[in-house]
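Dear colleague,

I am handing over the structure we spoke about, and below it you will find my notes on what turned up when I went through it. Please read them with the coordinates open beside you.

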Amino acid sequence: MIQFYSSPRGGEKMQGSIQLQLEFRLGQRAHFVGDPRRVGTVAFVGTLEGYSGTWIGVDWDDSNGKHDGSINGVRYFQAKSERSGSFVRAQNLSFGISLLQALELRYRGDSTKEEEDEMYVLSASDKRVSVQFVGKDLIKDKLSRFEELTSVSLSYMGVSSPGNPCQIGSVLPNVKQLDLTGNLLSDWKDISIICDQLQALVALILSNNLLSRDISGPVQLNHIRILVLNNTGITWMQVETLKHSLPTIEELHLMGNKISTVTPESSSPMVQGFNLLRLLNLENNCIVEWSEILKLGQLRSLEQIQLNNNKLSRIFYPSFDELHKLFGDVESQGDCSPFRNLRNLFLGGNNIDDLASIDFLNSFPQLIDIRLSENPIADPMRGGIPRYVLIARLSKVQIINGSEVTPRERRDSEIRYVRMVMSKLDSNPEETLRLHPRFEELKRFYGIEDNRVSVGAGGPQKLASGLISITLNCVGASIGEKPPLTKKLPLTTTVGKLKMLCESFFKLKCMRLKLYLQEQDSPVPIPLEDDMASLMDLGVANGSNILVDEES
């Protein structure tokens, strides 16, 4: 938390800064003159020991300052980090312009010399040739007719206030989308004025504005359907305050706000309202416990939750009794199962590392699209399971990590998975079956009676010989160019045995080999590191590609 200070020096030396303190208030947002992207918060106004005149202490959002608010052993303010603070003269700071002033600059102002200098290409002789855009004047003329604009972008323009409220609606009567990213807005009253005047507005982007924690009085957001509040410092408690002003909200984006808890209104253990909310984006926050997400389970219209890059380590789908234990009285009439309409769940970049979390995804009634990339459980390089196992364990999912699961890929993956599980049954049958809840179901579905199965054009086929066909591709730099080889090998062939066969097939001597399985639709090959594991153990399927490389 930023702590604000006035000058530590008193008496007549403060008199020179009185006027500046009236103009510059602590907590005010400002940007560096000439650079609207360098934004910070005024944390000090006054004099500095050993320096003449009045200085403004700023805590910069990008932490690109010089110190933590202290200089020469004297603390003037407490910055949020060791190098996010600096002192500047008043003439080097701008406290912004109104929305209408920014509109004039963006859509009617002439392009600057710097912008024009960037519009060039290099000729064959390495000389700059200016670029002329065909129809540029016509486009500029159209954009300058504000009454015709339906989408307005005023990002990083230094907007700090609405301007004359009576003029906003008449100047922009048809605006449906307004992007105010990276400005100096902080007061919800100003945002309320803007929305109240723009009656056609349905999408509002306020990302990278440090918004006030104080939401006092009604906020006019009644017609907003899409609200983007990424990196604004908003808390879930503020969201609960705002929801009464958002009766038509369909998309709510709350990325990068350090949210760790979902705190419903005191009257309910679970979040209520948001009757039309379809998409909730909570990416890049600090949520650790899945029970916090379960508090959103009664939002009946919710179809997509984005939770990438949080700190979740497990997920689960509770029974009614478990739900009652977690939250007390829940909906007593009708279907009270959580997330009954959720179709898309994005969990990439978390810490999920257990198979139970994967299997729980089958319990979500409508879930068809799941993101699990950059979790330990879905990363074979970190001991996780490959894509074909994910497909086999997730019975209803149609999209995994942004890639469609085709009917053929599902069939091949499930058969391959069954064969892999069967190879482990001899060691500990009961434990193996417990760890693979879909195994028996898939084994019956495909009519698999033993572990000698391949997949042909007409579906699963038994191979009496227990052989599979694999293609070997040499990729090692020092191996040289060698044509791929397709060989039929027993499923019981171990990785160590295959390495020796590769030495013979490709006539490689005195070379330590490393093998990789190149899976369909997988950008990264899976290393085959256990020399004692068989092709069956590793789920290598008929028609698989094996890459032959040398150890570095």
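**Leu154 and its surroundings**

Leu154 lies in the loop that runs between β12 (151-153) and β13. Please keep in mind throughout that this is a predicted model. Although Leu154 belongs to a loop, the residue counts as buried, with a relative accessibility of 0%. When neighbours within four places in sequence are set aside, the residues in contact with Leu154 are Leu99, Ala102, Leu103, Arg106, Tyr107, Val159, Asp179, Leu180, Thr181 and Asn183. For Tyr107, which stands 47 residues from Leu154 along the chain, the C-alpha atoms of the two are separated by 9.4 Å.

**The protein as a whole**

The protein has 552 residues, of which 47% count as buried, and its secondary structure consists of 15 helices and 30 strands. If one takes the contacts between residues at least 6 apart in sequence, 68% of them join residues that are at least 24 apart. The exposed area comes to about 27700 Å², and carbon and sulfur atoms supply 49% of that area.

**Helix α6**

Helix α6 spans residues 188-197, and within it Trp188, Asp190, Ile191, Ser192, Ile194 and Cys195 are buried. An α-helix has 3.6 residues a turn, so residues three or four places apart point the same way. The cover over the buried residues of α6 includes α2 (99-108), β13 (159-161), β14 (177-179), β15 (203-205) and α7 (236-242). At the N-terminal end, α6 is capped by Asp187, which places a side-chain oxygen 2.9 Å from the backbone nitrogen of Lys189.

**Cysteines**

The structure holds 0 disulfides. Cys195, already mentioned as part of α6, is buried with a relative accessible area of 0%. Cys502 is likewise counted as buried, at 0% relative accessibility, and the closest cysteine sulfur to its own is that of Cys474, at 7.1 Å, which is too far for a bond. The cut-off behind that reasoning is 2.5 Å between the two sulfur atoms.

**Aromatic rings and charges over them**

A search of the whole structure finds 9 aromatic pairs. One of them joins Phe44 and Phe87 in an edge-to-face arrangement, with 5.8 Å from centre to centre and 85 degrees between the planes. Because Phe44 lies in strand β3 (residues 35-46) and Phe87 in strand β7 (residues 85-88), this pair ties together parts that are 43 residues apart in sequence. Both partners are on the buried side of the classification, Phe44 with 0% relative accessibility and Phe87 with a relative accessible area of 12%. A second edge-to-face example is Phe445 with Tyr446, where the ring centres are 4.9 Å apart and the planes stand at 85 degrees; here Phe445 is exposed, at 63% relative accessible area, whereas Tyr446 is buried, at 14%. Ring pairs also link Phe44, Tyr76, Phe77 and Phe87 into a cluster.

Which rings have a charged end sitting over them? The charged end of Arg38 sits over the ring of Trp60, at 4.1 Å from the ring centre, and that of Lys487 sits over the ring of Phe505, at 4.7 Å from the centre.

**His31**

Arg38 appears again among the residues touched by His31, which, when residues up to four places away in sequence are not counted, are Pro36, Arg38, Val39, Asn92, Leu93, Ser94, Gly158 and Leu184. His31 is placed in strand β2 (residues 29-32) and is buried, with a relative accessible area of 7%.

**Two asparagines with positive phi**

Two backbone angles may deserve a look on your side. Asn72 has a positive phi of about 55 degrees although it is not a glycine; this residue is located in the loop between β5 (70-71) and β6 (74-75) and counts as exposed, at 62% relative accessibility. Asn284 also has a positive phi, near 55 degrees, in a residue other than glycine; Asn284 is found in the loop between β18 (279-281) and α8 (290-294), and with 34% relative accessibility it counts as partly exposed.

With best regards

Methods
Residues are numbered from 1 along each chain as its sequence is written. This is a predicted model: local features need pLDDT of at least 70, side-chain atom pairs count only at pLDDT 80 or more; totals for chains, interfaces and linings use all residues. Side-chain values use heavy atoms; hydrogens and water are left out. Rings of Phe, Tyr and Trp (its six-membered ring) pair if their centres lie within 6.5 Å; planes under 30 degrees apart count as stacked, over 60 as edge-to-face and the rest as tilted. Helices (H or I, at least four residues) and strands (E, at least two) are DSSP runs, numbered from the N terminus. Buried means under 20% relative accessible area, exposed over 50%, partly exposed in between (1.4 Å probe, protein chains only). A charge sits over a ring if NZ of Lys or CZ of Arg is within 6 Å of the ring centre and within 35 degrees of the ring normal. Contact means heavy atoms within 4.5 Å. Accessible areas come from the Shrake-Rupley method with a 1.4 Å probe; for residues, only the protein chains shown count as cover. A polar contact is a pair of N or O atoms within 3.5 Å; within protein, one must be able to donate a hydrogen and the other to accept it, and residues adjacent in sequence count only if both atoms are side-chain atoms.
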